[in-house]
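Please open the model in your viewer and keep the sequence panel beside it. The tour below moves from one selection to the next and says what is found at each stop.

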Amino acid sequence: MQVAGQVQLAHCSFCNSKAMTEIINFGQVALAGAFLKPEQFVGEAVYPLRLYFCNDCFSVQVIDKVNAEVLFGNYFYFSSAIGTLREHFLAYAAEVTSRFLKPETSTVIEFGCNDGVLLRPLADQRIRTVIGVDPATNIVKMINDPRIIVINDFFNEDVTEKIIADYGKTDMVVANNVYAHISDIQGVTRAIRKVLKDDGVFIFEVHYLGKVINGLQYDMIYHEHLYYYSLLALTKHFDRYEMMVFDVKSIPIHAGSMRYYVCKKGSRHSSTVSPQVAALREEELANGYHRAETYARFAVDVADRKGKLMDLLTRLKAKGHSIAGYGASGRANTMIQYCGIDHRHLDYMIDDAPAKSGFYTPGSHFLIQPGSVLQLSPPPDYLLIFAWSFVNEIAKKCGDYLGSGGRMIVPLPNVEIVMHPAG
């Protein structure tokens with residue numbers, strides 16, 4: 001391995017403050033999404049990974065930025081491979097269309113559109129102009145739908161100027177699990193404001209900071225996920241751009257996300273702020289998301305979960321049990337590298353995305369195999385469910401495995417063993 005990233009000075013990406021407090025230092029780690037082949041092991045790069053809290057604007061963020069071309073140029077996350085996500089985005093498209101759009105005259109942009117898991121149901125709503133923007137060439141090739149305009153690029157002010165020139169300003173911008181991924185968050189926010197009509201809406205989903213803290217979800221922390229949003233921090237952020245959050249919606253996807261609805265100040269939506277916004281603000285103040293000591297407690301509790309998981313894996317292996325990982329995601333790779341899981345603890349990885357089969361996990365170098373490996377004899381004694389937020393879906397897929405005596409290890413929010421099929 002080679003150290004590729006310089007340790008960067010701590011300053012806030014949102015307000016440029018230097019009043020920053022370190023929460024967790026993960027050390028030098030391989031990029032969570034950088035799956036690789038054996039011939040790439042020797043030159044594999046590692047980067048510093050540190051999570052900080054801004055005492056001035058309350059933002060929680062990874063301060064060690066990696067070049068976006070390195071992170072997203074050849075991406076391995078295919079949203080449409082997950083049934084739960086397909087169902088989620090079907091409902092999402094129907095809701096935002098009925099609430100905010102006149103389909104026959106509307107334009108919608110999704111940046112970070114991945115393989116079109118939301119774009120297709122938006123097109124099914126008969127929206128006049130549907131535009132997807134994403135830099136991952138290998139992913140956007142999967143869209144292949146004549147109803148959808150695909151721009152294979154990073155979403156920024158230059159791209160929005162071209163969109164405005166070709167299609168006019170947009171009624172809606174959507175971003176799902178990507179507004180937390182962008183190093184230049186100030187620039188992308190300017191781009192959103194620029195491309196939106198005066199009464200347009202910006203709707204985005206991100207993993208919610210409260211779920212990360214309360215569920216000890218340290219596995220959500222990696223270089224792609226730069227920011228962990230609270231409403232308190234977002235309010236300060238959007239204030240700088242004359243924008244505001246006018247509604248919020250808690251959703252269960254990814255073990256706890258929040259959907260934020262944002263408009264320009266003075267738009268027709270700004271006069272109808274949902275009571276949920278005030279309620280969430282009060283809840284966050286009560287939970288101390290504006291205080292550094294809250295995050296100090298989080299770091300201590302995360303270290304405790306790490307210790308309990310490693311103790312269990314060590315004991316099972318000492319008894320001669322075989323263990324495979326399930327879900328070779330970025331979250332898995334954070335957990336593996338932070339906890340120090342290696343070939344003494346785990347035999348191989350399983351993932352349902354065909355594009356990952358035959359690759360190896362970054363840093364730890366576990367071979368990724370398809371789910372069909374569970375039908376071979378003998379299957380592993382235990383599955384460590386890295387994709388633990390989808391454990392019910394996985395349990396149903398693995399019903400035969402569990403029914404024949406296989407067991408699952410769920411690492412969060414508590415370390416536990418599941419020994420029976422999902423009902």
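**First stop: helix α10**

Begin by selecting residues 292-318, helix α10, whose 27 residues should span 39 Å at 1.5 Å a residue; its end C-alpha atoms are 40 Å apart, which agrees. The expected span of a helix is 1.5 Å times one less than its number of residues, and the helices themselves (H or I, at least four residues), like the strands (E, at least two), are DSSP runs numbered from the N terminus. This is a predicted model, in which local features need pLDDT of at least 70 and side-chain atom pairs count only at pLDDT 80 or more, whereas totals for chains, interfaces and linings use all residues. Residues are numbered from 1 along each chain as its sequence is written, and side-chain values use heavy atoms, with hydrogens and water left out.

Now colour the buried residues of α10, which are T294, Y295, F298, A299, V302, R305, L309, M310, L312, L313 and L316. Buried means under 20% relative accessible area, exposed over 50%, and partly exposed in between, with a 1.4 Å probe and protein chains only. When reading such a list, recall that an α-helix has 3.6 residues a turn, so residues three or four places apart point the same way. After α10 comes G320, which has a positive phi, near 90°.

**The whole chain**

Zoom out to the full protein, which contains 13 helices and 18 strands. Its radius of gyration is 21 Å, close to the 22 Å that the globule rule gives for 423 residues, so the protein is as compact as a globular protein of that length; the radius is taken over C-alpha atoms, and the rule is 2.2 Å times the number of residues to the power 0.38. Along the principal axes, the C-alpha atoms fill a box of roughly 65 × 50 × 45 Å.

Of the 423 residues, 58% count as buried. Among contacts (heavy atoms within 4.5 Å) with a separation of 6 or more, residues 24 or more positions apart account for 70%. If you colour by charge, you should find 41 positive and 44 negative side chains, with the centres of the two sets 2 Å apart; here Lys and Arg count as positive and Asp and Glu as negative, while His and the chain ends are not counted, and each charge is placed at NZ of Lys, CZ of Arg, CG of Asp or CD of Glu.

**Helix α2 and its surroundings**

Next select residues 83-100, helix α2, where 18 residues at 1.5 Å a residue should span 26 Å; the end C-alpha atoms are 26 Å apart, which agrees. Its buried residues are G83, L85, H88, F89, Y92, A93, E95, V96, T97 and F100. These pack against α3 (119-124), β8 (170-176), β9 (196-207), β11 (243-251), β12 (257-264) and α12 (391-397).

Stay on α2 and pick H88, which is buried, with a relative accessible area of 13%. Leaving aside residues up to four places away in sequence, H88 touches E205, I251, I253 and R259.

From there, step across to I253, in the loop between β11 and β12. I253 is buried, with a relative accessible area of 6%, and, with residues up to four places away in sequence not counted, I253 touches T84, L85, H88 and E205. A distance label from I253 to T272, 19 residues apart along the chain, should read 26 Å between C-alpha atoms.

**Helix α6**

Select residues 185-195, helix α6, which is mostly covered, with eight of its eleven residues buried. Those residues are I185, Q186, G187, V188, T189, A191, I192 and V195.

**Loops and backbone angles**

Most residues other than glycine have a negative phi, and most peptide bonds are trans. With that in mind, go to R126, in the loop between α3 and β6 (129-133), where phi is positive, near 65°; R126 is exposed, with a relative accessible area of 71%. Then move to E242, in the loop between α8 (231-239) and β11, which has a positive phi near 55° and counts as partly exposed at 45% relative accessibility.

For the peptide bond, select L412 and P413: the bond between them is cis, with omega near -5°, and P413 lies in the loop between β17 (407-410) and β18 (416-418).

Finish at P378, in the loop between β15 (368-369) and β16 (382-385), which counts as exposed at 70% relative accessibility. From C-alpha to C-alpha, P378 and S322 are 9.8 Å apart in space and 56 residues apart in sequence.
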